[in-house]
Amino acid sequence: MDEDQIRKYILENFEGVGIAEDDGNAFFFYDPENKIPFITIVTSDKYDSYSGLDRPDVFRLNLGIGKMTFRSMFPAEKIPTESGYDFTQTNVIMPHPEYGRMYWVCVLNPDEKTFEKVRPMLAEAYDIAVRKYNVARAASRVA
């Protein structure tokens, strides 16, 4: 899978999602104000250098999932950067090097088989974003 295929999948399968792009990086939002992305595709070391994204044709797909799903995959995770993961390794689902503490996972250059494992997590990330938006919207109406 390449970045464009993943972008297309997200935009075609999740209603109401917007995208903001910055130097080849893509940030996917459910809220119309683009406050907090729930999925990102990063292609450079602009935001962190853990994954060596300055290598040709390397990108990282990042997504925030639920705590239970995260813990089922990474039961006793330490701070991700102290966990021994090689964050430059491609096609391996692992905790995000910085946002793993907030239940984000990442994968560099997933192939089709790995992307099949990621699809339910993308749906979960989307559901969480929709739920958070609806709760915030309802709270603002009450206030």
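Buried means under 20% relative accessible area. Keep that cut-off handy for these exercises on a predicted model.

**Exercise 1.** Work out which residues on the two faces of strand 3 are buried.

*Solution.* Start with the strand itself, which covers residues 39-42. One side carries Ile 39 and Ile 41. Now flip to the other side, where you'll find Thr 40 and Val 42. These residues are all buried, so both faces of strand 3 are covered, with buried meaning under 20% relative accessible area.

**Exercise 2.** Find the strands that pair with strand 3, and see who sits across from Thr 40.

*Solution.* Take strand 2 (residues 25-29) to begin with: three bridges join it to strand 3, and the two run antiparallel. Within this pair, Phe 27 has Thr 40 as its bridge partner. Next comes strand 4 (residues 60-64), which is joined to strand 3 by four bridges, again antiparallel. Here Thr 40 stands opposite Asn 62.

**Exercise 3.** Place strand 3 in the overall layout of the protein.

*Solution.* Count the elements: there are three helices and six strands. Then read them off from the N terminus: α-β-β-β-β-α-β-β-α.

**Exercise 4.** Check whether the radius of gyration fits a compact globule or not.

*Solution.* For 143 residues, a compact globule would come out near 15 Å. The protein has 15 Å, so the two agree. For the extents, look along the principal axes: the C-alpha trace spans about 45 × 35 × 30 Å. Finally, 41% of the 143 residues count as buried.

Terms used. Residues are numbered from 1 along each chain as its sequence is written. This is a predicted model: local features need pLDDT of at least 70, side-chain atom pairs count only at pLDDT 80 or more; totals for chains, interfaces and linings use all residues. Side-chain values use heavy atoms; hydrogens and water are left out. Buried means under 20% relative accessible area, exposed over 50%, partly exposed in between (1.4 Å probe, protein chains only). Two strands pair if DSSP finds at least two bridges between them. The radius of gyration is taken over C-alpha atoms; the globule rule is 2.2 Å times the number of residues to the power 0.38.
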